[in-house]
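Reader: Please take me through the ligand site in this model. I would like to know what surrounds the ligand and what touches it.

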Amino acid sequence: METLKKSYIKSINPFNNELVKEFEIMSNDQVDQIVDKADEAFKSWKNTSFDERAKIIHKVASIMRDRKQELGKLATLEMGKLLRESIYEVELSANIFDYYADNASKFLSDHPLETELGEAFLSYEPIGVLLSVQPWNFPYYQITRSAASALMAGNTMVLKHASNVPQCAQIMEDIFHEAGLPKGVYTNLFVPGGSVERIVDNPKIKAVALTGSEAAGGSIAAAAGKNIKKSTLELGGSDPFIVLEDVDIDKAVETAILGRMWNAGQVCVSPKRIIVPETIAENFIQKAKTLLASLKVGNPLEDDTVVAPLSSEKAAQDVAGQVEKAVANGAKVELGGKRIDRPGAFLEPTLLTGITAENPIFFEEIFGPVVVIYTYKTIEDAIELANATTFGLGGSVFGNDIPKAKEVARKIDTGMVYINHVTGIAPELPFGGTKRSGYGREQSPAAIYEFVNAKLIRVTSPENLY
Ligand code: NAP
């Protein structure tokens, strides 16, 4: 491994921990110039028609589809996820770009208001340069989720991507330009997380969207609040997956375990707490253990690999540390629990039981291939357990009795609940949380209203003047 320099953002392959590429960290002056250009670009981009914007954004989608193998391999190289998951992510992102290109003009057309005062309507207007701060776990989808709606609304964007995926960040900026997006409308900032607050302070930044940890969210929200700027926060989660008693156990086990292993467990909406009735718990745990033990861990470029490395050596060390902490406080390791003796950021697929509210891990998000199973006596106990966390992102209810599943879903304090599915993603469905999982929504019509000025225009006709 080459000697790493402090002033560089590093692309490191977590499959073997080898340095792939370095990007020089931008100076404050360079950052300010990029923000100036984004502000300048806004003056013309806001006046382009929806058709002009849609043509470019559709082109972004089509370039991504044409280059999905290349883009997929790059994401796998930088943050380790399975190649098929990387390619799925590219396709999903293309669909999101198309969705906003197709629908933005409809979502943002004038909205008439009923009033006895005469004509009144809302005119939706872009607000300026947005700062988007994104994590590495879906390097393309995370960019897309904030950029597609914002650019179609007529805003411009500067993107600070996670420091371990600079090549994904760069290729997306290149694709935007190849598609015809004018210079300045979307530009990367290669800076570390610690320099973001200063950027939020820049008066030319009008709002900020962050997806990431609670720590980063708190600091961004404070900086935005101090500057009286709007923010949206998409933060961590510890999704409950409540299994109902009438369930088909094999289907529930497969959905929960494979869902949990998606992206090596590094998904904000992963079923991180599987909550099973006591009556079927032994059977459920046994089946979960058998399935988990059968999954191939290894090279994310190989088709039959199911569990990929984590995104970085530090991530693997952190998750292994959380497992140790859980066990030191009474958790039982049913399977795995250790680093794998091979190069790369690998951790054994792990199954834990016996975690109680006295265990500090009960309140933590585990961002790795760790399945945690809890048991319950009554459905009220299951709901209480599901809600006994500071997070409120997603959740699932699994069972054959759909009216019962809906009743349970309504009682879960999260932004999204999926019945008979892990929390999922679709361009037309809103994504976001409540409680300490943040605020605001991405995707769906809701996202496009986050960063526009819904301006009231009220008309008094001349004949009514007195
Ligand atoms: P993170 O450390 O918060 O990083 C996310 C982004 O924030 C990165 O670009 C990071 O830059 C930047 N950042 C870090 N510290 C910052 C600070 N003090 N001020 C401003 N920006 C800062 O998050 P992570 O741990 O890598 O990512 C995983 C977390 O994101 C998990 O909690 C996961 O659940 C959450 N997540 C949530 C969603 C959702 O939609 N709700 C989706 C995906 C992930 P550097 O890389 O330079 O540090």
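Author: Start with the space itself. In this predicted model, the ligand takes up the largest pocket. Two elements each give two or more residues to the shell around the ligand: α5 (141–152) and α8 (214–226). Of these, α8 gives the most, with 3 residues.

Now the domains. Domain 1 covers 8–236 + 432–456, and domain 2 covers 239–388 + 394–419. Both give residues to the shell, so the ligand lies between them.

Next, the residues. There are 29 around the ligand. Those that come nearest are Trp136, Ser163, Ser213, Leu235 and Glu365. By type, the shell holds 13 nonpolar, 12 polar and 4 charged residues.

Then the polar contacts. Take Ser163, one of the residues that come nearest. A polar atom in the side chain of Ser163 sits 2.5 Å from a ligand oxygen. The backbone takes part too. At Gly212, a polar backbone atom lies 3.3 Å from an oxygen atom of the ligand. At Glu234, a polar backbone atom is 3.5 Å from a nitrogen atom of the ligand.

Last, the cover. On its own, the ligand has 890 Å² of accessible area. The protein covers 82% of that.

To put it together: the ligand lies between domain 1 and domain 2, in the largest pocket. Ser163 meets a ligand oxygen through its side chain, while Gly212 and Glu234 offer backbone atoms.

Methods: Residues numbered from 1 in each chain as written. Predicted model: local features only at pLDDT ≥ 70, side-chain atom pairs only at ≥ 80, totals over all residues. Heavy atoms only, no water. Near = heavy atom within 4 Å. Polar contact = N/O pair within 3.5 Å; in protein donor to acceptor, adjacent residues only side chain to side chain. Areas by Shrake-Rupley, 256 points an atom, 1.4 Å probe, with all protein chains shown as cover. 1 Å grid on protein atoms, 1.4 Å probe; cavity = no way out; pocket = protein on both sides within 12 Å on 5 of 7 lines; lining within 4 Å. Sits in = over half its atoms within 2 Å of the grid points. Helix = DSSP H or I, 4+ residues; strand = E, 2+ residues; numbered from the N terminus. Nonpolar A, V, L, I, M, F, W, Y, C, P; charged D, E, K, R; others polar. Domains from an automatic or database assignment.
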